[in-house]
Amino acid sequence: MKFTRACLVAPRKFGFFEVDEEPGEGQVLLKIASCGLCKWELNFWDGNMKIGDYPMKLGHEFAGEVVKLGPGVKHLKVGDHVSAIPDGLNFGGFAQYRVTSEKECQLLAPGIDPVYALGEPQKCVMTVLRAAAAEVGDFGVVLGVGPMGLWCIQALAGKSLAGLIAIDLDDRKLAMAKQFGATHVINSKNEDARARIREITKGHMADFVIEGTGINAVFDAAQDYLRMGQGRLILMSSHHDSGEFDFRKAIELCAKIIVPHPNYSPDPWDDFRRTVLLINNGTFVTKPLVTHEFKLSEIEKAFDTLEHKPTDFIKGIVIPD
């Protein structure tokens, strides 16, 4: 099958390549429905990181339709809609099609639109949630309610927590957090977040804080929201810049600092299985979070928008032309 793939050919420069690939043993050919834009991939966009040499395949948040089967495929058929994750750094989601192993795919339920079934970032959220280990009666804080933070709130919402507190600077995002199940919202531009958390929790403070801003100073300040004695500070974000962290606070609080990025998980494939269960039952909802859609031919514009986010940006996706 001949198709077009966008590859990074230099910092901030994409090229378009015609490739010819067929599924091999245990593989399927996916027609890509969409591929999400991920802040972490800005490291490749600006030359801060590389996967091998140029041209470089990017795009790891993809879903689509099975259009061809390779030999030995057991559980999928042509016409199935799937969400997929790449095995390792074999990306390539910014393309019209992608050869994908059956192992990398999870079947979507009827009625789930693959355009908005981005299981890979939600699999990362699943790893974060398992690391946070929320218990009945906990007070939880989600600090920064971009797409990852909003997915966390969707999954944590319910009656078992004593309180689920969302913190951000954007009232529109906070309104979405409230809609998805946050019990309290705090605009830290207008309120003293620490004092407000103390008030909400009646002095107990947060049992866990999920940091989703990617801003070093905010991660440091998040310690102020934790309770004394083994409160959990969860580093969800991918931080693009280096910075400082005041461990004196963590030592005083006897805090647990957890970095649940993909290699933290003892079984990422099981995390992905669990993730797609939550997509299929409607717990994880993505379409309301997608504020920007781009054609594959507009991929440079897409990354420039991701790098210089407009005020209304929450989640962007690339849809093949």
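**Ile-153 and the cores**

I started at Ile-153 in this predicted model and listed its contacts, leaving out residues up to four places away in sequence. Ile-153 touches Val-142, Val-145, Leu-164, Ala-166, Ala-177, Phe-180, Gly-181 and Ala-182.

I then looked up the core around it. Ile-153 is one of the residues with the most contacts inside the largest nonpolar core, which has 35 residues. The others in that group are Val-145, Leu-150, Cys-152, Leu-156 and Ile-210. I noted which elements give two or more residues to this core: the helices α2 (119-132), α3 (147-156), α4 (171-180) and α8 (268-280), and the strands β10 (163-168) and β12 (208-211). The largest share, six residues, comes from α2.

I found another core apart from this one. That core has 31 residues, including Leu-8, Phe-14, Cys-35 and Phe-313.

**Salt bridges**

I ran the search over the whole structure, and it gives 18 salt bridges. I wrote down three pairs and one network.

The pair Lys-13 and Glu-300 has its closest N and O atoms 3.8 Å apart. Lys-13 sits in strand β2 (residues 13-20) and Glu-300 in helix α9 (residues 299-307), so the bridge links distant parts of the chain, 287 residues apart. I checked exposure for both ends. Lys-13 counts as partly exposed because its relative accessibility is 44%. Glu-300 falls in that class because its value is 30%.

The next pair I took was Lys-103 and Asp-87, with 4.0 Å between the closest N and O atoms. Lys-103 is in the loop between β7 (97-101) and β8 (105-107), and Asp-87 is in the loop between β6 (81-84) and β7. The two residues are 16 residues apart. Lys-103 has 48% relative accessibility and therefore counts as partly exposed. Asp-87 is partly exposed as well, with a relative accessible area of 42%.

For the third pair I asked: are Asp-207 and Arg-227 buried or exposed? Both Asp-207 and Arg-227 are buried. Their side chains meet in a salt bridge at 2.7 Å, N to O. Asp-207 lies in the loop between α5 (193-200) and β12, while Arg-227 lies in the loop between α6 (216-221) and β13 (232-235). They are 20 residues apart.

I also noted a network of salt bridges that links Arg-130, Asp-270, Asp-271, Arg-273 and Arg-274.

**Backbone entries**

I looked for unusual backbone angles and kept three entries.

The peptide bond from Tyr-54 to Pro-55 is cis, and its omega is near -5°. I placed Pro-55 in the loop between α1 (42-45) and β4 (56-57).

Met-205 is not a glycine, yet its phi is positive, near 75°. I found Met-205 in the loop between α5 and β12. Asp-207 of the third salt bridge is also placed in the loop between α5 and β12. Met-205 has a relative accessible area of 3%, so I entered it as buried.

Gln-230 also has a positive phi, about 65°, although it is not a glycine. I placed Gln-230 in the loop between α6 and β13. With 45% relative accessibility, Gln-230 counts as partly exposed.

**Asn-280**

I picked Asn-280 next, which lies in helix α8. Its relative accessible area is 26%, so Asn-280 is partly exposed; the cut-off for buried is under 20%. Not counting residues up to four places away in sequence, Asn-280 touches Leu-107, Leu-108, Ala-109 and Ile-112. I also took a distance to Phe-303, which is 23 residues away along the chain. The C-alpha atoms of Asn-280 and Phe-303 are separated by 29 Å.

**Second largest pocket**

Ile-112 came up again when I listed the lining of the second largest pocket. The other lining residues are Asp-113, Tyr-116, Ala-117, Ile-279, Gly-282, Phe-284, Val-285, Thr-286 and Lys-287. How does this lining divide into nonpolar, polar and charged residues? I entered six nonpolar, two polar and two charged. The volume of this pocket is about 150 Å³.

Terms used:
Residues are numbered from 1 along each chain as its sequence is written. This is a predicted model: local features need pLDDT of at least 70, side-chain atom pairs count only at pLDDT 80 or more; totals for chains, interfaces and linings use all residues. Side-chain values use heavy atoms; hydrogens and water are left out. A nonpolar core is a set of buried Ala, Val, Leu, Ile, Met, Phe, Trp, Tyr and Cys residues joined through side-chain atoms within 4.5 Å. Buried means under 20% relative accessible area, exposed over 50%, partly exposed in between (1.4 Å probe, protein chains only). Helices (H or I, at least four residues) and strands (E, at least two) are DSSP runs, numbered from the N terminus. Contact means heavy atoms within 4.5 Å. On a 1 Å grid over the protein atoms alone, a cavity is a set of points where a 1.4 Å probe fits but cannot get out, and a pocket is an open set with protein on both sides within 12 Å along at least five of seven lines; lining residues have an atom within 4 Å of a point. Grid points are joined across faces, edges and corners, and a volume is the space filled by probe spheres set on the points. Ala, Val, Leu, Ile, Met, Phe, Trp, Tyr, Cys and Pro count as nonpolar, Asp, Glu, Lys and Arg as charged, and the others, Gly among them, as polar.
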